[in-house]
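Visitor: I'd like to go through this one by asking how each label was earned. Can we start with the yardstick for helices?

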Amino acid sequence: MRSHRLDSLWVFVLVTFVLCGTAHAYIDPGAGSLALQMALAAVFACLFFVRASWAKVRTFFGHPWHPHPHGEAGKQPAARRP
């Protein structure tokens with residue numbers, strides 16, 4: 001279900017683009033660099049979030065697809081004496 005505020009926002013954005021006239025604006029080269037930095041930051045933030053979330057999901061379910069390296073009980077094997 002979508003909220004009423006989101007619908008209102010879309011209507012506002014569409015009306016703004018339709019009703020505004022020609023914009024006589026200048027975009028300097030630094031703006032492109034800033035946009036690229038923002039896009040890369042967003043991509044890496046999403047990747048970090050997915051990786052952190054996936055680790056939490058794996059921890060919650062106890063790694064059922066990876067056996068514990070120290071046996072089923074999770075205990076380390078007893079040290080052997082020579």
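Guide: Sure. The expected span of a helix is 1.5 Å times one less than its number of residues. Keep in mind that this is a predicted model.

Visitor: How do you know that the span of helix 2 agrees with its 33 residues?

Guide: Helix 2 runs over residues 29-61. Its 33 residues should span 48 Å, and the end C-alpha atoms sit 49 Å apart, so the two agree. Right after helix 2 comes glycine 62, with a positive phi near 75°.

Visitor: And what makes helix 1 agree with its expected span?

Guide: Helix 1 covers residues 4-19, so 16 residues should give 22 Å, and its end C-alpha atoms are 22 Å apart. The protein chain has two helices and zero strands.

Visitor: Why is phenylalanine 44 called exposed?

Guide: Exposed means over 50% relative accessible area. Phenylalanine 44 has 55%, so it counts as exposed. Phe44 also belongs to a nonpolar surface patch with Leu36, Leu40, Val43 and Leu47, together about 510 Å² of accessible area.

Visitor: What makes helix 1 "hardly covered"?

Guide: Buried takes under 20% relative accessible area, and the count of buried residues among the 16 in helix 1 is zero. For the protein chain, 0% of the 82 residues count as buried. The chain exposes about 8,500 Å², with 69% of that from carbon and sulfur atoms.

Technical notes
Residues are numbered from 1 along each chain as its sequence is written. This is a predicted model: local features need pLDDT of at least 70, side-chain atom pairs count only at pLDDT 80 or more; totals for chains, interfaces and linings use all residues. Side-chain values use heavy atoms; hydrogens and water are left out. Helices (H or I, at least four residues) and strands (E, at least two) are DSSP runs, numbered from the N terminus. Buried means under 20% relative accessible area, exposed over 50%, partly exposed in between (1.4 Å probe, protein chains only). Accessible areas come from the Shrake-Rupley method with a 1.4 Å probe; for residues, only the protein chains shown count as cover. Patches are made of residues with over 30% relative accessible area and no salt bridge: like charges are joined within 9 Å, nonpolar side chains (Val, Leu, Ile, Met, Phe, Trp, Tyr) within 5 Å. A salt bridge is a side-chain nitrogen of Lys or Arg within 4 Å of a carboxyl oxygen of Asp or Glu.
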